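The exercises below are meant to be worked with the sequence and the 3D structure side by side. Please try each task before reading its solution.

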Amino acid sequence: MGGLFGVAALVGLRCGLRAPGPGLLARTCSGGPTWTRERTLVAVKPDGVQRRLVGDVIQRFERRGFKLVGMKMLQAPESVLAEHYQDLKRKPFYPALISYMSSGPVVAMVWEGYNVVRASRAMIGHTDSAEAAPGTIRGDFSIHISRNIIHASDSVEGAQREIQLWFQSSELVNWADGGHQSSVYPA
């Protein structure tokens, strides 16, 4: 590679690309790459728990290199669901959504990693199973838009709000993974 394109490509490879939006910088190039750490809420919904897909979801996130820092199975209280889905209160499907989400156990998880919010949304796929690509969680397992297996936060800000709603800070663990992460992500 030569010329201007070659230099730009090399700088992009060495320094990384900026993710769109404020605060979503994947890495910067001031004295070497640094990475922002993000956390996101991922919840396996009652249909996913009933169909015993929790292990498959965990396996996909672990294989992607993300770190599990919180997990619990619970019967979601309606108060938590009402706050979680506050933006959908005026939608005609809202009562059915709350009923469905409180119909069985949910496995709520907090995953940590670089660009984990954006990457997890790509991993889970489109909300409508008919439009979810094969290879995504919903594309592989979802059977209907109202039974779409999984939830993942849609933004860094949303993730922070949802994590605080579903987890106490004492339920989240900061742990070193024995140097594994340092071999995957630069310091």
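**Exercise 1.** Which residues does H151 touch, not counting residues up to four places away in sequence?

*Solution.* The model is a predicted one, in which local features need pLDDT of at least 70 and side-chain atom pairs count only at pLDDT 80 or more, while totals for chains, interfaces and linings use all residues. Residues are numbered from 1 along each chain as its sequence is written, and side-chain values use heavy atoms, with hydrogens and water left out. With contact taken as heavy atoms within 4.5 Å, H151 touches L41, V42, A43, K45, H84, R138 and E162. Next, place the residue: H151 belongs to strand β6, residues 150-152 (strands are DSSP runs of E, at least two residues, and helices are runs of H or I, at least four, numbered from the N terminus). The UniProt record, an unreviewed entry, puts the feature "active site" at H151, although such annotations may be inferred rather than shown by experiment.

**Exercise 2.** Is H151 buried or exposed?

*Solution.* Buried means under 20% relative accessible area, exposed over 50%, and partly exposed in between, with a 1.4 Å probe and protein chains only. H151 has 13% relative accessibility and therefore counts as buried.

**Exercise 3.** Describe the largest nonpolar core and find the element that gives its largest share.

*Solution.* A nonpolar core is a set of buried Ala, Val, Leu, Ile, Met, Phe, Trp, Tyr and Cys residues joined through side-chain atoms within 4.5 Å. The largest one has 24 residues, and those with the most contacts inside it are V42, V57, F61, M109, W111 and I137. Among the elements that give two or more residues to this core are β3 (38-44), α3 (54-63) and β5 (106-113), while the largest share, five residues, comes from α6. Looking at one member, F61 touches V42, F66, W111, S120, M123 and I137, not counting residues up to four places away in sequence. A second, separate core of 20 residues includes L41, Y94, L97 and V106.

**Exercise 4.** Where does I145 lie, and which residues does I145 touch beyond four places in sequence?

*Solution.* I145 is found in the loop between α7 and β6, and because its relative accessibility is 43%, I145 counts as partly exposed. Leaving out residues up to four places away in sequence, I145 touches T127, D128 and S129. The C-alpha atoms of I145 and S129 are separated by 5.6 Å, although these residues are 16 residues apart along the chain.
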